Amino acid sequence: MAEPHFSVVRHSVGSRKVLRLFILLAALLGLATPPAQATTHAASPFKVLALYNGTWDAAHISFVHEANDWFPRQAAANGFTYTASNNWDLLANGGVNGYQVVLFLDDLPQTAAQRAGFEQYMRGGGAWMGFHVSAFTTDAASWPWYHNQFLGSGNFKSNTWGPTTAVLRVEDRSHPATRNLPSTFTSSVSEWYSWSNDLRQNPDIKILASIDRSSFPLGTDPDQSWYSGYYPILWTNTEYRMLYANFGHNAMDYDTNTTLSSTFASPTQNQFLLDGLKWLGGAGDTQPPSGPISETSWYTMRNAGNGDCVDARAAATANGTVIQQYTCNNTAAQQLRFRSTDSGYVRIAARGNPQQVVDVTDRSQADNAPLQLWSYSGGQNQQWQPVQESCGRYHFVARHSGRCLSAAATSDNSIQLTQRGCDGSGAQTFQLTAQ
């Protein structure tokens, strides 16, 4: 693997020194708010890591160069910082965990360790946007989670040639990535791929845009053109925070290595990229809170360690209902509201009956004491301190015991949640997403 190249947005050193001085003075004067309270954390830019290969196919290399110029220029105005690297081992060694969003520009993980690291990152609440060749394979069975489950596309089936624009029909304008798009628009130039799997038959896949019939025939080579059919171009998997875009191949004069088009030539397509990136990074309407947790919103709590959500077993609301981990499904059983009590603590109420809250059974102060729903009575075993972490996620500390709300290390459904000594692990870290 080549040595990594990084391109990082820098911040003002002077402003950080002033901020630290202000915080110190405030603390000395007794004016600072206790740092563990969720309401003390200001919004900060989300961090984007773009991984690329940049060594094969001049059209893909051209797109990588464009992307690594265009995204940094959009970063400050759109609330993110951008780092580009060709070190795919950041997926394997945990380096990816410091970023809220990962982009695959022109490749996908190749080693078992890289693939396992990426799957863990996504199951733990990470976000991803992939372009064009990041989905390409003729051997989906070699990584079935990625190609068949996560992307849903299966094997590469065919492509158009040469690269052309296409009229895209927006199929879902309710999604944060597409709500500002018109019903149809003209894309930038690209080569277009089709797939062995029919994404319309996958209940987890939401197709956001597809080729409009006015585009046919699509391609300039009669033997590599599409004349009819259904071809999805933009989509998401509702089980993950992800977007795939089937563009990222510029037109090229291969003889002279001259770029003849730009992937960023369509303002409407660029709108999708920026709105999609904001949604992935947590800047949309249904994102993890970057400051105070709203007392009027309902949230899901996805565990960073195993990717499961906090869930009231069987959607029950009676006293003693088990609080468990379960595959995220956005049902009422997984929707919770955080209402302040005092001193930075909250009660965590169930949507089915907001009087029922997450409770440590029998007021136990022991490790592994199980969690349940119980009618709120003001008990300290029913109050939790939300502590926001640098990544924007939270851990929750029980008021009576000082122990943390904890999930299991595995992703098995129906395991009851517990309290355990706070250890900073992913099992005790949760991504809040407003519903």
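**Salt bridges, stop by stop**

Start in helix 3 (residues 112-123) and select E119 and R123, which are four residues apart and so separated by about one helical turn. Show the side chains: E119 and R123 meet in a salt bridge, at 2.9 Å from N to O. Colour by accessibility next. E119 is partly exposed, with a relative accessible area of 22%, and R123 is also partly exposed, at 28%. Keep in mind on this tour that the model is predicted.

Now go to helix 2 (residues 58-75) and select D69 and R73, again a pair four residues apart, about one turn of the helix. The closest N and O atoms of D69 and R73 are 3.0 Å apart, and the two residues form a salt bridge. Is R73 buried or exposed? R73 is exposed, with a relative accessible area of 54%, because the cut-off for exposed is over 50%. D69, at 41%, is partly exposed.

For the last stop, leave the helices and select D172 and K206. Their side chains meet in a salt bridge, with 3.6 Å from N to O. This pair links distant parts of the chain, 34 residues apart: D172 sits in the loop between strand 6 (167-170) and strand 7 (184-186), while K206 belongs to strand 9 (residues 205-211). D172 has 12% relative accessibility and counts as buried, since buried means under 20%. K206 is partly exposed, with a relative accessible area of 32%.

To continue, look for other pairs: the structure holds eight salt bridges, among them E119 with R123, D69 with R73 and D172 with K206.

Terms used
Residues are numbered from 1 along each chain as its sequence is written. This is a predicted model: local features need pLDDT of at least 70, side-chain atom pairs count only at pLDDT 80 or more; totals for chains, interfaces and linings use all residues. Side-chain values use heavy atoms; hydrogens and water are left out. A salt bridge is a side-chain nitrogen of Lys or Arg within 4 Å of a carboxyl oxygen of Asp or Glu. Helices (H or I, at least four residues) and strands (E, at least two) are DSSP runs, numbered from the N terminus. Buried means under 20% relative accessible area, exposed over 50%, partly exposed in between (1.4 Å probe, protein chains only).
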